[in-house]
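Biologist: Could you take me through one part of this model in close-up, the sheet, and then show me what surrounds it? I'd like one connected story rather than a list.

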Amino acid sequence: MDFVYSILIFIGLFVILASSFDLVIGHCGLISIAHPIFYAIGAYVSAMLSKQSGMPVPLSILCGGVGALLASALVSVPALRVSGDYLLIASIGFQLGLIELAKHFHEIGGAGGLTNIPSFLIKDFGRESYVVLVLALAGVTVLFIRWLTQGPYGRMMTAMRDDELAFSMLGRNAIWIKVAVFAIGSGIAGIAGGLYAHYFRFIEPDQFGLLQSSAVLTMVVVGGMRTTMGPVIGAIVLQLMPQVITFFNLPPSILGPLQGLLFTGLVLFFMFVRPQGLLPAADLWVGRKPLEGAGHSGKEARS
Amino acid sequence: MFDLAVVSQILWTSFATSSYFVLFAVAFALVLKVNKVFNFAQAGVMTCGFYAAYVGVRILNLPGYAGFMLGIAGGVAMSFVLEYFGFAVLRQRKASAMFVFIFTLIVSQFIAYAVMMIFGTWPTTIFASMFWPVTLVGGIAVSAWDVPAIAATVLVLTGLWAFLKYSRNGQFMLAVADNADLAELYGIQKDRILMLSMVMAGVIVSVGMFLYGSRAQVQAAAATELMLFAVAATILGGIGNIWGAAIAAVVLGVVQNSSILFIPSAWQGFLLFAFLFFAIVLFPRGFRLPERRNTLKRMAVAPQALSDGKGN
Amino acid sequence: MSSTLEIRGLCKSFGGIVVADSIDLDLSPGRVLGLIGPNGAGKTSLFNLVCGVVKPDAGSIRLDGQSLEGLPTYQRARMGLARTWQNLRLFPSLSVMDNLMLGPRVYSADRLVDVLFRPAQIRANEAEARDRARDILERTGLSPIAQSRVQDISFGQQKLVGVARALMNDARCLLLDEPMAGVEGQTYALIQKAVRDIAASGVAICVVEHNVAFIRDLCDEGVFMFAGKVLARGSVEQLIADPHLTELYFGT
């Protein structure tokens with residue numbers, strides 16, 4: 001049963017990661033693949049706070065999210081101030097550099113990883129309760145991102161992607177929108193990191209590297225960018241698929257690369273054969289129906 | 001604490017080892033300049049070049065020069081595949097810069113995993129021994145690797161310089177780099193030139209990987225870090241400036257290798273990322289994903305047109 | 001009468017190409033100024049300099065007495081500067097209505113913190129913007145296609161949407177870059193009427209246009225630009241009648 005729980009937890013976590021990554025790369029059009037490093041920051045901050053200073057786990061997870069949110073500004077502010085294209089290289093440097101750095105700090109476990117992270121809920125209410133928690137938060141994340149992208153902020157991100165210059169000429173500040181969305185996406189990933197740490201109770205720097213980046217990217221590209229359900233479907237499909245391979249009882253030295261091959265191969269396949277993903281996004285942005293009593297506009301929208 | 005002999009020894013060795021950094025950086029800068037692509041798939045080309053040479057020398061027991069040729073063939077083949085089945089298709093489809101970039105990144109990862117499947121994750125070298133005989137020159141130990149490596153690098157750079165300056169195709173390449181659409185208008189086959197620059201980059205990195213792999217251990221993921229080094233050098237050297245990237249690569253290579261004098265060796269790997277970050281934060285001038293210019297600036301008529309009462 | 005936009009000694013060159021050569025120019029409230037000149041005279045470049053898309057080498061630009069120096073484009077827009085683009089630059093992924101919804105000078109959805117924590121303010125703001133957008137769409141005759149995609153409407157209508165979007169700013173100074181190129185018939189009249197109405201409300205307007213009839217009908221005054229220089233300023237009739245300028249324009 002534990003095996004099934006683990007898979008469900010992973011699905012929940014990757015729904016959170018893929019959806020928040022879609023917010024950054026899809027909705028906001030920011031090129032960065034360093035999403036897993038914010039997942040890592042959340043995991044490490046939360047684990048250390050609860051382990052060292054005995055902070056209650058829910059609070060430490062929240063702090064992990066805030067930590068990831070703030071850390072994202074370290075990358076995005078200097079990079080985006082110059083040009084959007086910098087973000088990509090700056091964030092890869094940040095991701096790999098921080099992983100390298102973590103390996104050298106014995107206080108946080110070094111390359112061997114951080115063990116004995118306090119658990120949460122499991123002792124009192126069983127593993128099921130944690131599964132429910134993670135899946136519920138995954139649902140909340142998906143709904144939140146849908147709410148955000150279908151509101152005025154989503155309209156702004158769409159326009160910014162279309163034509164940044166014209167967008168600025170309307171008095172909108174593109175840089176801060178990008179910094180803010182990058183921060184929100186990273187903060188959500190940080191919370192997912194905390195959830196991971198307190199269930200599996202072990203984290204190591206190498207698990208947040210480029211393999212993880214391509215996994216999350218695959219979920220978004222395969223599922224369909226800029227759709228609510230695309231990343232969800234992507235996360236579920238790509239979590240279940242590697243499980244199928246594990247049935248073949250391959251040695252770990254083959255299994256790891258094979259998973260990587262599968263992820264990257266799928267992205268390549270989709271990029272050339274079906275670039276829009278399983279669920280294609282609509283060409284036209286349509287927001288929520290306006291609530292402020294503007295009666296007739298809703299009907300016009302349907303015509 | 002450091003006597004002159006030690007310092008000059010380290011400087012010499014770092015200078016010699018920066019030879020392959022220069023090649024990687026020049027190839028990256030060339031593709032960025034001509035093809036307008038941040039080609040992270042270069043890591044994949046490098047991996048192919050290395051393992052082709054490795055198969056030749058270690059598995060087929062061919063002599064070194066044959067392994068060298070095989071390495072170049074491997075890199076060129078990968079470059080060809082990338083351009084023909086990848087970039088050309090994406091260009092035709094007018095894929096966004098982000099899309100193309102993700103493609104390069106994923107391809108390099110794909111190749112790394114494929115190589116891991118085939119050759120395992122253990123580090124290997126092209127020749128069975130990494131030991132090179134050493135001669136003392138004025139108190140400095142010069143290994144038998146150093147001189148040929150520097151010579152090969154200088155040869156490649158001179159060849160590239162001469163090619164760009166004197167050959168017709170080289171001039172076409174610069175024309176495409178300057179304005180691909182205009183170049184096409186003048187009858188230059190853009191696709192052929194873009195292919196040529198990819199293939200040349202393939203040759204250059206394969207030479208670099210042969211040098212690297214005959215001196216240090218390589219595993220499937222090693223090329224990514226080597227390439228990030230090239231990215232840092234390209235940014236520091238100024239985007240679009242191939243020779244600037246080469247000089248930056250020498251400087252970075254010497255700094256990284258001689259850092260052993262100042263910081264614990266465990267931290268040397270971290271320096272690369274510090275370079276990358278500083279390159280972006282402190283020296284970002286001119287660095288952006290190049291957009292293709294669609295319009296031509298018209299030369300304005302000089303103001304004295306007024307005085308003689310004529311425009312033209 | 002003090003000028004809304006005041007340009008003094010503005011210079012800019014790209015390499016050897018001079019696009020602005022110590023330009024002095026004033027736009028007055030309620031008046032329409034036409035910029036005339038051959039292609040490459042630096043008309044659009046002047047707009048880009050005013051909007052902060054391109055940084056000047058020297059010179060000053062003031063909007064209502066406030067210096068625009070060093071300000072990014074979006075801040076200039078928030079101070080009351082609006083423009084349209086030669087190649088339109090509408091947002092293809094948005095409907096006509098949503099294109100306009102992004103236009104208000106002050107818009108609280110700009111701040112993510114407000115979006116997350118002050119929904120009532122955002123709703124009020126949206127409603128206000130929507131009313132304003134409806135009003136402008138009504139006046140420009142675009143109401144029937146408010147929910148269409150901008151690719152699905154005619155070129156003339158797209159031009160009109162560009163103007164309408166700029167109007168959302170409630171600008172003090174409006175720059176129109178070739179609003180009439182490729183426009184005919186009814187839309188022509190609509191754009192003309194829209195520009196007149198805006199001018200009547202006290203906005204300073206500058207128009208780049210090749211359509212001489214439009215310039216003559218609409219502009220209070222004209223400026224002839226050539227090779228980055230302002231060569232002459234006067235009534236449009238005068239400028240058109242000047243044989244020397246005509247020669248420069250047609251480049252004999």
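**The sheet in chain C and its surroundings**

Modeller: Let's start at one end of the sheet: strand 4 and strand 5 of chain C run antiparallel and are joined by two bridges. Keep in mind that this is a predicted model. Within that pairing, R62(C) has S67(C) of strand 5 as its bridge partner. R62(C) also looks the other way, since E6(C) stands opposite R62(C) in strand 4 of chain C. That brings us to strand 1, residues 5–14, which pairs with strand 4, residues 58–63, over five bridges, again in the antiparallel sense.

Carry on from strand 1 and you reach strand 2 of chain C, residues 17–27, which runs antiparallel to strand 1 and is joined to it by seven bridges. If you want a landmark there, find L10(C): its bridge partner in strand 2 is I23(C). Strand 1 and strand 2 of chain C make a hairpin, with two residues between them. G15(C) sits in that turn and has a positive phi of about 60°.

Put the pieces together and you have an open sheet of four strands in chain C, ordered 2-1-4-5, with antiparallel pairing. Strand 2 and strand 5 (66–67) are the edges; each has a single partner strand, so one side of each is left without a neighbour in the sheet. Then there is a helix to add: helix 1 of chain C, residues 43–51, lies across strand 1, strand 2 and strand 4. Helix 1 of chain C runs at about 70° to strand 2 of chain C.

Now step out of the sheet to what chain C touches. In its contact with chain A, 32 residues come from chain C and 29 from chain A. On the chain A side, helix 7 (152–162), helix 8 (164–169), helix 9 (174–200) and helix 13 (297–302) each give two or more residues. Helix 7 of chain A has the largest share of that side, with seven residues. By class, the side of chain A that touches chain C has 16 nonpolar, six polar and seven charged residues.

Chain A has chain B to deal with as well: 33 residues of chain A are in contact with 31 residues of chain B. Looking at the chain B side, helix 4 (97–119) and helix 11 (268–282) each supply at least two residues. The largest share, 13 residues, is from helix 4 of chain B. That side of chain B has 26 nonpolar residues, four polar ones and one charged one.

Last stop, the inside of chain B. Helix 1 (residues 4–35) and helix 10 (residues 242–258) of chain B pack with their axes 7 Å apart, at an angle of about 145°. Their crossing is right-handed, and the residues in the contact are 17 nonpolar, seven polar and one charged. Zoom in on A25(B) and you'll find a run of alanines around it: A25(B) touches A230(B), A233(B), A245(B), A246(B), A248(B) and A249(B), along with T234(B), leaving aside residues up to four places away in sequence. A25(B) also turns up in the largest nonpolar core, which has 292 residues. F24(B), A25(B), V26(B) and M227(B) are the residues with the most contacts inside that core. Its largest share, 16 residues, comes from helix 9 of chain A, one of the helices that also give residues to the side touching chain C.

How values were computed:
Residues numbered from 1 in each chain as written. Chains lettered and ligands numbered in written order. Predicted model: local features only at pLDDT ≥ 70, side-chain atom pairs only at ≥ 80, totals over all residues. Contact = placed C-beta atoms within 7 Å. Nonpolar A, V, L, I, M, F, W, Y, C, P; charged D, E, K, R; others polar. Pairing = 2+ DSSP bridges. Axes fitted to C-alpha atoms, helices over the stretch in contact; angles between N-to-C directions. Left-handed = near helix turned anticlockwise from the far one by under 90°. Core = buried A, V, L, I, M, F, W, Y, C linked by C-beta atoms within 7 Å. Buried ≥ 20, exposed ≤ 12 C-beta atoms within 10 Å, placed from the backbone.
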